[in-house]
2 protein chains.
Amino acid sequence: MINVIKVGGAVVEDPSSLDILLDAFVKVEGPKALVHGGGRSATKLAEQLGIESRMVGGRRITDADTLRIVTMVYAGLVNKNIVAQLQCLGCNALGLTGADLNLIRAHRRPITPEGIDFGFVGDVDAADGSRLLDLMSAGIIPVIAPLTHDGAGSLLNTNADTIAQTVASAIANSAVNTPVTLTYCFELPGVMGDPSDDSTLIPRLNEPMFRRLVADGTIAGGMIPKLENAFRALRSGIQKVRITNIRNLEGGTEITECSLE
Amino acid sequence: MINVIKVGGAVVEDPSSLDILLDAFVKVEGPKALVHGGGRSATKLAEQLGIESRMVGGRRITDADTLRIVTMVYAGLVNKNIVAQLQCLGCNALGLTGADLNLIRAHRRPITPEGIDFGFVGDVDAADGSRLLDLMSAGIIPVIAPLTHDGAGSLLNTNADTIAQTVASAIANSAVNTPVTLTYCFELPGVMGDPSDDSTLIPRLNEPMFRRLVADGTIAGGMIPKLENAFRALRSGIQKVRITNIRNLEGGTEITECSLE
């Protein structure tokens, strides 16, 4: 089993949460990679520099100044601190963006029909799963920041959930006979019937159930694109997708194909 | 021949100089690595954030806030932009700090006898030349930011000239039958008798000549530690050391051992 684990900004930007995550992460057996966010730190640095953070549909509008900020925060501050801490825990971590080793190519998102220009935001074209497998076979643990590149010299800002799905799919399509699990960590124990009641954890979720729970309002907000990504991941060759939190990397909600219902 | 080329902040922070460097760098044949600085951008970001930059003997006093800044600027902004541009030029670049792959271990510099605490400044203990050789053998071009780690979870700020020398020595000591050239790029054509007169370029310099030129004031300022590093490099197994500028990577001043005078 190869594990690709994605954690958001709220985890990596809080030292005690990060400690819990990294302790759990080092215990995961077999080849593994970590994909992280860092949006809150980026927003904070932008504020300190007097640069306005503009979000549309959960995505950051990324002008040249904002690209500098996310490059500093994601590839520098967040990524390298995780790498240094994993090294301390005996994991041979290697911090990466999509530009390093040409791992993840993307193109600038076109201006939307509504006229929104996301700027230096990248939609992924291809990820090099074979290279990531080679690194993992050599005992190296990729730690991936949510940045891609366009092959023409520019970095691009790409959503970390999308990076995790792309990377896990690319690995799954390169790995022969080794299944890939993609795990999304967030604040709650998993997908919940009622976020305030832990006993309402939904242990397994397939796409028809998901559509019903969106229709009746049980699943809403940021959870929707997260689950859309999860189902896309299942359709792209990843064997198992999980939504959980850092205290329970093996638990939470398992996202399944319909045939497994 | 393996080439390790070091460029300072003045080059990597000016887009047109960086273009000249990268065009010259991609033409260098054989395995190669790039080590870069970025101090001016760090000072500028510190200013924007209202954090005072304090330098002692050319070295930055690095408190926790300053460590965050240099991590963002060196490992993020400067490093990843170079990587993206090298990828555009067909070089399979990989951005690294000393924490990545445990490449460069260091320890915090002790408080000096004069009572100066440099904070999170690292003095290098060991670099993994064998790993760097493996990367270069696989066609990968390491791009190294001037940060190390202490193995206990903390990044450390380490002078880029020292990083270049350490990395080149470690490669030289791991490479069998392949000589290593270490090239320091800076603003002038090389070591000059008179910095304002290009015809006074000193094409070859050994240590006794260096001591005489320091004593008579011809060589002064920041050039002294640069040349100290160069002679240390020659004593540490590196076959050739060169001081030149980005327009002439094969020219400039060749630093030689006494026996070659």
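Burial is a handy place to start with this predicted model: of the 261 residues of chain A, 52% count as buried. The overall dimensions fit that starting point into a wider picture. Taken along the principal axes, the C-alpha atoms of chain A fill a box of roughly 45 × 45 × 35 Å. A compact globule with 261 residues would be expected to have a radius of gyration near 18 Å, and because chain A comes out at 18 Å, the two agree. The contacts tell something about how the chain is wired, too. Take the contacts in chain A between residues at least 6 apart in sequence: 72% of them join residues at least 24 apart.

As for secondary structure, chain A has 8 helices and 14 strands. Eight of the strands line up in an open sheet with mixed pairing, in the order β5-β8-β2-β1-β11-β13-β14-β12 (chain A). The edges of this sheet are β5 (93–96) and β12 (204–205) of chain A, each of which pairs on one side only. Further in, strand β1 (residues 2–7) of chain A runs parallel to strand β11 (residues 180–185) of chain A, and 6 bridges join the two. Within this pair, K6(A) stands opposite Y184(A), a residue of β11(A). In general, strands of a sheet pair through backbone hydrogen bonds, whether parallel or antiparallel.

A helix comes into the picture at β11 as well. Helix α8 (residues 223–235) of chain A lies across β11, β13 (240–244) and β14 (253–255) of chain A. Its direction is at about 160° to β13(A).

Then there is the second chain. Which elements does chain A bring to the meeting with chain B? In total, 32 residues of chain A are in contact with 32 residues of chain B. On the chain A side, the elements giving two or more residues are α4 (64–88), β5 and β9 (147–149) of chain A. Helix α4(A) supplies the largest share, with 14 residues. So β5 of chain A turns up twice, as an edge strand of the sheet and as one of the elements touching chain B. By type, the residues on this side of chain A divide into 15 nonpolar, 14 polar and 3 charged.

How do the two chains relate to each other? A rotation of 180°, with 0.0 Å of shift along its axis, superposes chain A on chain B with an RMSD of 0.0 Å. The two copies are thus related as by a two-fold rotation axis. The interface fits in with this picture: 100% of the interface residues of chain A are also interface residues in chain B, so the copies meet through the same surface.

Methods. Residues numbered from 1 in each chain as written. Chains lettered and ligands numbered in written order. Predicted model: local features only at pLDDT ≥ 70, side-chain atom pairs only at ≥ 80, totals over all residues. Pairing = 2+ DSSP bridges. Helix = DSSP H or I, 4+ residues; strand = E, 2+ residues; numbered from the N terminus. Contact = placed C-beta atoms within 7 Å. Axes fitted to C-alpha atoms, helices over the stretch in contact; angles between N-to-C directions. Nonpolar A, V, L, I, M, F, W, Y, C, P; charged D, E, K, R; others polar. Rg over C-alpha atoms; globule rule 2.2 N^0.38 Å. Buried ≥ 20, exposed ≤ 12 C-beta atoms within 10 Å, placed from the backbone. Least-squares fit on C-alpha atoms with pLDDT ≥ 70 in both.
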